[in-house]
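Dear colleague,

I am passing on the structure we spoke about, and below it you will find what came out of going through it. Please read the notes with the structure open beside them.

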Amino acid sequence: MSLISLDLVLSPEVEEAKKNGTPIVALESTIITHGMPYPQNLEVAKQVEADIRAKGAVPATMAVLNGTLHAGLTNDQLEELAQAKNVAKVSRADMPVIMAQGRTGATTVAATMIAAHLAGIDVFATGGIGGVHKGAEDSFDISADLTELAHTPVTVVAAGAKAILDVPKTLEVLETNGVPVITYGQDSFPAFWSATSNLTSPLRMDNAADIAAAHKTRGAMALPGGQLVANPIPAADEIPASELAPVIAQATEEAEAQGVTGKDVTPFLLARIFELTDGKSLVANIALVRNNARLAADIAAALKA
Ligand code: PSU
Ligand code: MN
């Protein structure tokens, strides 16, 4: 039997941070290639990296480039990826296949967790996670992000779940899978563009040190899986749920009418909501991703303390 060694390339900055024990925050790349249009996607990716550096931590954006898994991208690599066409959307199922084929792929939350774990990175910031889609009782469309949270020991900071999902069912699946859902600083589970929802969060913590302690305790107990930290969007940036409800309903109907299925559903809905709100959804999206990056940097620092 011959063994294949994994090609995992750390950016110079990430390599240095690992050597020095500097806190590192993982970032996904599907949000860049499939979540936002060019050129805002590139501007946001750079801004979020800068936010993490401003906190004294180092960003590690994950991607598969020509078959090689990268933890941390150079500016040139980031610019190329943000403009690239036909980039694969890579989740747990696709990752080894896309790598073996020498292709380029952007990592979802699930794949970013896998990459972070391989690179020895404990904390990851994103916008929203995938979840249980509306109508999942017929379509069975449940994101692999949820089961990844049950398998891989990474703390993921997100702004809750988008109303394109069935949020109560998403929380149920997380509970079934033993994933702690910890809302930061409030009792209400945040609803992505809105800071609050009518759902109570299963768990609550009010500071980064406590979240880091819970991460360490889970590890000490040898429980597999990570944590979902739900960080509310700053009040100044939120969009009322009532304003977005008709837009989401329209986008969801169009997806169904056009027969959009599988991995195309989430990117289709995100793009349509962007168009139907004249880009307003994106402004809020940017604010919440930056907010999540800052909290993730604090958690990563607390894990090193
Ligand atoms: N939800 C968002 N923004 C995103 C995504 C989800 O609000 O960009 C992306 C993430 O990369 C997430 C993926 O991991 O979509 C989930 O896709 P699916 O629903 O096909 O599992
Ligand atoms: Mn899906």
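The crossing of helix 10 and helix 13 is right-handed, and the contact there is made by A208, A209, I211, A212, H215 and K216 on the side of helix 10, with L295, D298, I299, A302 and L303 on the side of helix 13. Sorted by character, the residues of this contact comprise eight nonpolar, one polar and two charged. Please bear in mind throughout that this is a predicted model. As for the geometry, the axes of helix 10, which covers residues 208-220, and helix 13, which covers residues 280-304, come within 8 Å of each other and cross at roughly 60 degrees. Because angles of 65 to 115 degrees count as roughly perpendicular and those under 35 as roughly parallel, helix 10 is described as oblique to helix 13.

A second pair is formed by helix 3 (residues 40-54) and helix 4 (residues 75-83), which pack at an angle of about 145 degrees with their axes 9 Å apart. Here too the crossing is described as right-handed. From helix 3, the residues N41, L42, A45, K46 and E49 meet N75, L78, E79 and A82 of helix 4, and the residues of this contact divide into four nonpolar, two polar and three charged.

The third pair is helix 6 (residues 109-118) with helix 8 (residues 144-151), whose axes come within 8 Å and cross at roughly 25 degrees. Since an angle under 35 degrees counts as roughly parallel, helix 6 is roughly parallel to helix 8. The residues that meet are V109, A110, M113 and I114 in helix 6 and A144, D145, E148 and L149 in helix 8; six of the residues in this contact are nonpolar, none is polar and two are charged.

Turning to the ligand, which residues are the closest to ligand 1? Of the 16 residues that surround ligand 1, the closest are E28, K89, S143, K162 and T266. For K162, an N or O atom of the side chain is 2.5 Å from an oxygen atom of ligand 1, and for S143, a polar side-chain atom lies 2.7 Å from an oxygen atom of ligand 1. V109, which also takes part in the contact of helix 6 with helix 8, places a backbone N or O atom 2.8 Å from an oxygen atom of ligand 1.

With best wishes

Notes: Residues numbered from 1 in each chain as written. Chains lettered and ligands numbered in written order. Predicted model: local features only at pLDDT ≥ 70, side-chain atom pairs only at ≥ 80, totals over all residues. Heavy atoms only, no water. Axes fitted to C-alpha atoms, helices over the stretch in contact; angles between N-to-C directions. Helix = DSSP H or I, 4+ residues; strand = E, 2+ residues; numbered from the N terminus. Parallel < 35°, antiparallel > 145°, perpendicular 65-115°, else oblique. Left-handed = near helix turned anticlockwise from the far one by under 90°. Contact = heavy atoms within 4.5 Å. Nonpolar A, V, L, I, M, F, W, Y, C, P; charged D, E, K, R; others polar. Near = heavy atom within 4 Å. Polar contact = N/O pair within 3.5 Å; in protein donor to acceptor, adjacent residues only side chain to side chain.
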